[in-house]
Amino acid sequence: MKIKILPSPSAVAEAAAHLFVVAAADAIAARGEFTVALSGGSTPEALYRLLAEPDHAQQVDWSRVQVFFGDERCVPPDDERSNYGKARETLLDRVPLPPDNLHRIPGELPREECAAQYERDLAEHFGAEGIPRFDLILLGMGDDGHTASLFPGMPALDERSRRAVATNVPAYVKPNVPRVTLTFPVLDAGRVVAFLVTGKGKAARVAEVVGGSSPLPAARVNPVEGKLIWFLDEEAASQLER
Ligand code: 6PG
């Protein structure tokens, strides 16, 4: 595990954008494509906007990039709560990503059908056997310690055979809509798994989750062979023992 503490949220976005560009170049050189699972939530917005700017966008061969999502809210793609919708607005509509390279989670479908459709898409791209191995998985962490849509106390935490599942969310979660999420086996198969967490509001949970033995979902992401990197700003890292 690597912990990178940056002075500000914009510095976190810069560091993550550099990781994205390097990971893409390495994957394309090694395997001819770069498979990435984007995170939802608000934190990665600065990263997506940065990646869409020419300085970074022109360093990525988008024709070789395959974009998936770590999770999605069960809402239509044009709903303001859609993770895909946010990524489209801030990144995907601003880079030359071929439409066939976009693998959104079809949140407009009933949740079980949505999960099954996404699993078919994953199997079509990564093969029906074995666990999909993403080159880069971007994750956030909620202040309850959830990541993707793996929430404390939910059955999805125990899923070890399916690649993606539908899940309800605890009553305190906003937006309080069902989700579809990648499961731990897929997150743990990532070649590079990068958390982006910023803000004082997350500091206590970061101190509990990062490097400790917390049972919370974000603490349970443990890449088997891949690299785990936590990108934190000073505020989110302020309660970490250093
Ligand atoms: C989602 C995300 C979720 C998010 C965390 C952190 O669908 O909301 O996948 O896991 O990463 O809740 O969200 P913020 O970045 O908005 O704090």
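Two strands are said to pair if DSSP finds at least two bridges between them. Helices (H or I, at least four residues) and strands (E, at least two) are DSSP runs, numbered from the N terminus. The model on display is predicted: local features need pLDDT of at least 70, side-chain atom pairs count only at pLDDT 80 or more, and totals for chains, interfaces and linings use all residues. Residues are numbered from 1 along each chain as its sequence is written, and side-chain values use heavy atoms, with hydrogens and water left out.

**The sheet**

Begin by selecting the six strands of the open sheet, whose order is β1-β9-β8-β5-β2-β3 with parallel pairing. At its edges lie β1 (2-6) and β3 (65-69), each of which pairs on one side only. On average, neighbouring strands are turned by 20 degrees against each other, direction ignored. Axes here are lines fitted to C-alpha atoms, for helices over the stretch in contact, and angles run from 0 to 180 degrees between N-to-C directions.

Next, select β2 (residues 34-38), which runs parallel to β3 and is joined to it by five bridges. F34 has V65 as its bridge partner in β3.

**Strand β8**

Move to β8 (192-197). Six of its six residues are buried, so β8 is largely enclosed by the rest of the structure. Buried means under 20% relative accessible area, exposed over 50%, and partly exposed in between (1.4 Å probe, protein chains only). Show the side chains: V192, A194 and L196 lie on one side, V193, F195 and V197 on the other, and all are buried. In a regular strand the side chains alternate between the two faces of the sheet.

Parallel pairing links β8 to β5 over three bridges and to β9 over six. In the β5 pairing, I137 has V193 as its bridge partner in β8; in the β9 pairing, L196 stands opposite F231.

**Helices on the sheet**

Now select helix α1, which packs on the sheet and touches β1, β2, β5, β8 and β9, its direction making about 155 degrees with that of β9. Contact means heavy atoms within 4.5 Å. Helix α5 (residues 111-126) lies across β2 and β3, at about 155 degrees to β3. In helix α2 (residues 45-52), colour the buried residues L47, Y48, L50, L51 and A52; they pack against α1, β2, α3 (54-57), α4 (83-90), β5 and β8.

**The nonpolar core**

A nonpolar core is a set of buried Ala, Val, Leu, Ile, Met, Phe, Trp, Tyr and Cys residues joined through side-chain atoms within 4.5 Å. Among the 79 residues of the largest one, F34 and W230 touch the most other members. Helix α1 (residues 9-31) gives the most to this core, with twelve residues. Centre the view on W230: beyond its neighbours within four places in sequence, its contacts include M1, I3, M141, F195 and V209.

**The ligand site**

Finally, select the ligand. Of the 16 residues around it (each with a heavy atom within 4 Å), S42, T43, D71, A148 and K202 come nearest. A polar side-chain atom of D71 lies 2.7 Å from a ligand oxygen atom. For R73, a side-chain N or O atom is 2.8 Å from an oxygen atom of the ligand. A148 places a backbone N or O atom 2.6 Å from a ligand oxygen atom.

End at N83 in helix α4, which counts as buried at 5% relative accessibility. Leaving aside neighbours within four places in sequence, N83 is in contact with G40, G41, F69, D71, E72 and R73.

How values were computed: A polar contact is a pair of N or O atoms within 3.5 Å; within protein, one must be able to donate a hydrogen and the other to accept it, and residues adjacent in sequence count only if both atoms are side-chain atoms.
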